[in-house]
Amino acid sequence: MGSPGVGGPVFFCPMSEIRPINWTGSSLQLLDQMLLPHEQATVNITDYRNAAAAITEMRVRGAPAIGVTAAYAMVLAAAELQSRERDHFIGALRQAGAHVAAARPTAVNLGWAVRRMLRVAEAEPDPGSILPRLEAEARRIQEEDESINRRIGEHGRGLMPSDGQGVLTHCNTGALATSAFGTALGVIRAGWEAGGRFNVYNTETRPWLQGARLTSWEFQQLGIPATLIADSAAGVLMRQGDVSCVITGADRVAANGDTANKIGTYTLAVLAQENGIPFYIAAPTSTVDLAIAHGDDIAIEERPQHEVTGYGGTPVAPEGTPAYNPAFDVTPHRYIAGIVTETMVCRPPYTESLRQAVDAA
């Protein structure tokens, strides 16, 4: 992994448009999300293996952002392998793609982007044209992602609460988790930009504190007032009547609507139903995996124990304490009031509406 370098391209403009992924034409530059909010530094990547490591190490995270990063990783792989004879080149590119796709198992956008890039390479008979075609496709994936996110915001903004009511979100689903704008946070932003003045709450999101470090930072950049809460405070907030709806992102949505998302999402969905509060998911159709019938078939990444027993290199539990650290959980579709995509707001039965959304994309 290349060391972070301070400086380089500006990732957000005076209009607070955060863009965490930048392609220079020969390297991939990522806003290092492990250093935010206290340091804004870039990681310069020139090797597909380092791109995969950046995904594993959560320097870049969020299903759409992982997909965009994977696409550019395939460009870097092609640049390294292009001198080979075509059949050997394609074979080696597939191997590189398998390496990238294995970086994190739960987010469907990772494998989706790799397969899309491989299809472009395999369809090009001229070996000399494969690299420029892959680069153009990666740029297209990045541009499409921003457009898709903005359409998700347009479809979802009507779900946001009335002025004076509250919306709760979990983990980070803004521009940092995408190429720009965001999914669930993008819906909140769209509602705010449409004139809504509701109250916004976001969880800290243990164990990596993506909500405290990243979501709170994004809300500040956007000028949207938001209140940070401990994960365990969500139930109290709901019972007090301070939350009118909950909206989160997704890393994989099964054909029946069961949704894998950051650990703690299932807990929020159950609490929301207990308190009569609608719970929504916001995700692009590329995150919908119609090949998986239900959530029990979604592979759940388990991360190292030290992420729970300590933070930032400082132990918080007695030495030798065992820890269980699933990165995601699955929310059954019965708890989900709607799934906001770029084509429509899907409602139950999800086996029908998700298919319709994907077909319309």
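Select F181 to begin: in this predicted model, F181 is buried, with a relative accessible area of 5%. That value falls under the 20% limit for a buried residue. Display its backbone torsions as well, for phi of F181 is near 75°, a positive value in a residue that is not glycine. F181 belongs to the loop between β5 and α6.

Remain in this loop and select C171. The segment connects β5 (166-169) with α6 (184-193), and C171 is found within it. Is C171 buried or exposed? C171 counts as buried because its relative accessibility is 6%. Its phi is also positive, at about 60°, although C171 is not a glycine.

**Two cis peptide bonds**

Next, select L36 and P37. The peptide bond from L36 to P37 is cis, and omega is near 10°. P37 is located in the loop between β3 (28-31) and β4 (42-45).

Then move to P348 and P349, which are joined by a cis peptide bond with omega of about 0°. Which elements flank the loop that holds P349? They are β17 (345-346) and α11 (350-360).

**Strand β11 and its partners**

Select residues 279-282, which form strand β11, and show the side chains. F279 and I281 point one way, whereas Y280 and A282 point the other way. All four of these residues are buried.

Add residues 245-248, strand β8, to the selection. β8 and β11 run parallel and are joined by three bridges. To locate one position in this pairing, select I247, whose bridge partner in β11 is Y280.

Now add residues 338-340, strand β16. Its pairing with β11 is likewise in the parallel sense, over three bridges. Which residue of β16 stands opposite Y280? It is G338. Y280 is thus a convenient residue to keep highlighted: it is the bridge partner of I247, and it stands opposite G338 in β16.

**A four-stranded open sheet**

Strands of a sheet pair through backbone hydrogen bonds, either parallel or antiparallel. With that in mind, select β12, β9, β10 and β15, which make up an open sheet in the order β12-β9-β10-β15, with mixed pairing. Why is one side of β12 (288-289) and of β15 (328-331) left without a neighbour in the sheet? These two strands stand at the edges and have a single partner strand each, so one side of each has no neighbour there.

Focus next on residues 252-254, strand β9. β9 and β12 pair in the parallel sense over two bridges. Within this pair, A254 stands opposite D289 in β12.

**The whole chain**

Finally, clear the selection and view the entire protein, which has 11 helices and 17 strands. The C-alpha trace spans about 65 × 50 × 45 Å along its principal axes. For 361 residues, a compact globule would have a radius of gyration near 21 Å, and the 20 Å of the protein agrees with this.

Colour by accessibility: 57% of the 361 residues count as buried. The protein exposes about 14,500 Å², of which carbon and sulfur atoms supply 50%. If a contact map is open beside the viewer, consider the contacts between residues at least 6 apart in sequence; 75% of these join residues at least 24 apart.

As a last step, colour by charge. There are 28 positive and 38 negative charges, and their mean positions are 2 Å apart.

Terms used:
Residues numbered from 1 in each chain as written. Predicted model: local features only at pLDDT ≥ 70, side-chain atom pairs only at ≥ 80, totals over all residues. Heavy atoms only, no water. Rg over C-alpha atoms; globule rule 2.2 N^0.38 Å. Buried < 20%, exposed > 50% of the residue type's maximum accessible area, 1.4 Å probe, protein only. Contact = heavy atoms within 4.5 Å. Areas by Shrake-Rupley, 256 points an atom, 1.4 Å probe, with all protein chains shown as cover. Lys, Arg positive; Asp, Glu negative; His and termini not counted. Charge placed at Lys NZ, Arg CZ, Asp CG, Glu CD. Pairing = 2+ DSSP bridges.
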